[in-house]
Amino acid sequence: MQSKFKSHSDNVYAKRGHGSDMRTALLLVAAGRGSRIASTQDQTPKQYRLIGGRMILSRTLDALLGSPELDCILPVIHADDTDAYAQATAHLTDDSRVLSPVYGGKTRQESVRRGLEALREFSPELVLIHDGARPFVSHATISDTIKKLRGGARAVVACLPVTDTLKRGDDDDRILGTVDRKNLWAAQTPQGFDYAEILAAHNAARAAGMDNFTDDGALAEWRKIDVTRSAGDPENVKITTMADIRLANQRLHMENKPTLNDIRVGNGYDVHAFEAGGPIILGGVEIDHERKLKGHSDADVVLHALTDAILGALAAGDIGSHFPPSDAKWKGAASDQFLKHAVDLVKARDGVIAHLDATVVCEAPKIGPHRDAMRARIAEICALELGRVSVKATTSERLGFTGRKEGIAALATATIRLP
Ligand code: CTP
Ligand code: MG
């Protein structure tokens with residue numbers, strides 16, 4: 001599907017040469033639609049949503065790539081998601097163990113079956129199956145699952161003991177009894193299998209018209225395959241709802257906290273004059289107006305002030321020194337690339353942006369109706385949560401050049417944290 005990744009005809013195992021070890025593939029299912037997280041405003045499948053500023057699927061892939069026992073990883077994606085997938089994997093190198101993705105089906109079970117079929121040509125001996133929506137999987141869980149398989153288990157499910165008291169109830173909020181939680185386990189992924197056996201089990205389930213298994217362990221049980229437990233991890237949650245996204249963001253933020261003590265604040269200021277024409281671009285958003293802003297680039301004062309604020313916090317010069325107006329390359333340029341560049345400089349120093357705050361000074365156009373769109377666009381460009389981006393506006397009481405409607409000024413403050 002994508003040239004960047006190994007074609008399915010490459011023999012990855014010959015290159016890696018695991019000696020007597022059993023060849024182990026991991027199937028990463030990520031073709032779901034995330035219906036429980038979708039809202040009318042945002043239909044993005046959960047595996048492509050951001051936590052801590054990065055796509056969930058990128059994080060899951062990185063967590064898996066930390067396990068050298070995995071010889072290759074085959075992602076199963078939805079045909080509508082090829083662009084999002086390319087974004088999620090843009091950071092991977094050509095020689096990573098991630099294979100070209102294959103397309104999934106309507107149910108998780110069918111996505112797994114298609115992935116298993118596609119793995120045939122690699123003839124793995126063992127296969128782990130993992131949810132793309134579980135980015136916090138630990139090396140310990142992967143290792144324990146593989147160890148049990150290599151020790152002779154035919155099917156292994158990462159499990160956690162149930163800690164809550166369990167009640168049985170009916171549809172009318174009535175509690176009918178308490179279930180003894182002894183010997184009850186919550187199943188996670190990865191789940192590991194003898195490859196040929198789980199492929200046969202999936203094809204048998206399909207032939208029998210059974211298409212409702214929610215995990216592969218259940219399908220193995222149905223085929224009377226002995227299933228063993230491996231050590232799950234309370235942190236290995238499956239992102240399912242918006243509450244999970246919020247918790248994940250909080251958790252990643254806390255993880256970053258102790259090591260990012262070098263707090264920097266930078267300011268930025270920019271002015272552009274009006275000229276004939278329209279519309280105006282402010283904060284990356286097009287706003288209808290009878291005049292437009294004059295400038296070498298798209299004259300987005302808000303993005304320019306923000307870019308300068310971040311560069312200021314890094315003590316890394318100003319927008320003009322990174323993108324000289326004398327360079328014809330930047331004529332009419334969209335300013336999001338200037339801001340992205342500044343954000344990349346923060347990332348290159350392993351830093352994070354804690355907060356961005358911009359103030360627009362003008363008599364017209366009215367900023368209020370566009371404020372949220374501007375915040376959302378800035379958050380998107382900088383890969384930040386909306387709550388970390390502020391846009392404010394004021395007039396200058398008809399005083400000065402902004403008061404005379406000769407142009408627009410913007411001020412910005414960036415707070416960043418560096419290690
Ligand atoms: N999955 C898949 N193909 C499907 C359905 C699910 O590959 N047809 C994947 C999901 O992408 C996810 C994992 O299986 O990584 C677990 O499924 P689930 O948590 O149910 O994800 P979704 O189906 O996307 O979410 P929802 O059930 O809320 O729609
Ligand atoms: Mg689902």
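Helices here are DSSP runs of H or I with at least four residues, strands are DSSP runs of E with at least two, and both are numbered from the N terminus. Welcome to a set of exercises on a predicted model, in which local features need pLDDT of at least 70, side-chain atom pairs count only at pLDDT 80 or more, and totals for chains, interfaces and linings use all residues. Residues are numbered from 1 along each chain as its sequence is written, chains are lettered from A and ligands numbered from 1 in the order in which they are written, and side-chain values use heavy atoms, with hydrogens and water left out.

**Exercise 1. Take stock of the chain: how many helices and strands are there, and what percentage of the residues is buried?**

Step 1. Count the elements: the chain has 13 helices and 18 strands.

Step 2. Get the dimensions. The C-alpha trace spans about 80 × 60 × 40 Å along its principal axes.

Step 3. Turn to burial, where buried means under 20% relative accessible area, exposed over 50%, and partly exposed in between (1.4 Å probe, protein chains only). By that rule, 48% of the 419 residues count as buried.

Step 4. Look at the surface. About 20,200 Å² is exposed, and carbon and sulfur atoms supply 51% of it; accessible areas come from the Shrake-Rupley method with a 1.4 Å probe, and for residues only the protein chains shown count as cover.

Step 5. Check the contacts (heavy atoms within 4.5 Å). Among those with a separation of 6 or more, 74% are between residues 24 or more positions apart.

**Exercise 2. Trace the seven-stranded sheet: in what order do its strands lie?**

Step 1. Recall that two strands pair if DSSP finds at least two bridges between them. The open sheet has the order 5-4-1-6-10-7-11, with mixed pairing.

Step 2. Find the edges: strand 5 (102-103) and strand 11 (227-231) each pair on one side only.

Step 3. Zoom in on one edge. Strand 4 (residues 72-77) runs parallel to strand 5, joined by two bridges, and Val76 stands opposite Val102 in strand 5.

Step 4. Add the helices, with axes as lines fitted to C-alpha atoms (for helices over the stretch in contact) and angles from 0 to 180 degrees between N-to-C directions. Helix 5 lies across strands 1, 6, 7, 10 and 11, at about 50° to strand 10. Helix 6 (residues 195-207) touches strand 6 and strand 10, and its direction makes about 110° with that of strand 10.

Step 5. Pick out a residue of helix 5 (residues 139-150), namely Asp144. Asp144 is buried, with a relative accessible area of 14%. Beyond its neighbours within four places in sequence, Asp144 is in contact with Ser230 and Ala231.

**Exercise 3. Work through the five-stranded sheet: which strands are at its edges?**

Step 1. Write down the order, 15-12-18-16-17, for this open sheet with mixed pairing.

Step 2. Read off the edge strands: strand 15 (291-293) and strand 17 (389-394) each pair on one side only. Neighbouring strands of this sheet are turned by 20° against each other on average, direction ignored.

Step 3. Follow the pairs. Strand 12 (residues 262-276) and strand 18 (residues 407-418) run antiparallel, joined by twelve bridges; Val265 stands opposite Thr415 there. Strand 16 pairs with strand 18 in the antiparallel sense over nine bridges and with strand 17 in the parallel sense over six.

Step 4. Ask how enclosed strand 16 is. It is largely enclosed by the rest of the structure, because seven of its ten residues are buried.

Step 5. Place the helices. Helix 9 (residues 301-314) touches strands 12, 15, 16 and 18, at about 155° to strand 12, while helix 12 (residues 371-382) lies across strands 16 and 17, at about 145° to strand 17.

**Exercise 4. Examine ligand 1: how many residues surround it?**

Step 1. Call a residue near if one of its heavy atoms lies within 4 Å. Then 19 residues surround ligand 1, the closest being Gly34, Ser35, Arg36, Lys46 and Ser111.

Step 2. List some polar contacts (pairs of N or O atoms within 3.5 Å; within protein, one must be able to donate a hydrogen and the other to accept it, and residues adjacent in sequence count only if both atoms are side-chain atoms).

- A polar side-chain atom of Lys46 lies 2.7 Å from a ligand oxygen.
- A polar backbone atom of Val29 is 2.9 Å from an oxygen atom of ligand 1.
- A backbone N or O atom of Gly32 is 2.9 Å from an oxygen atom of ligand 1.

Step 3. Finish with coverage: the protein covers 89% of the 560 Å² of accessible area that ligand 1 has on its own.
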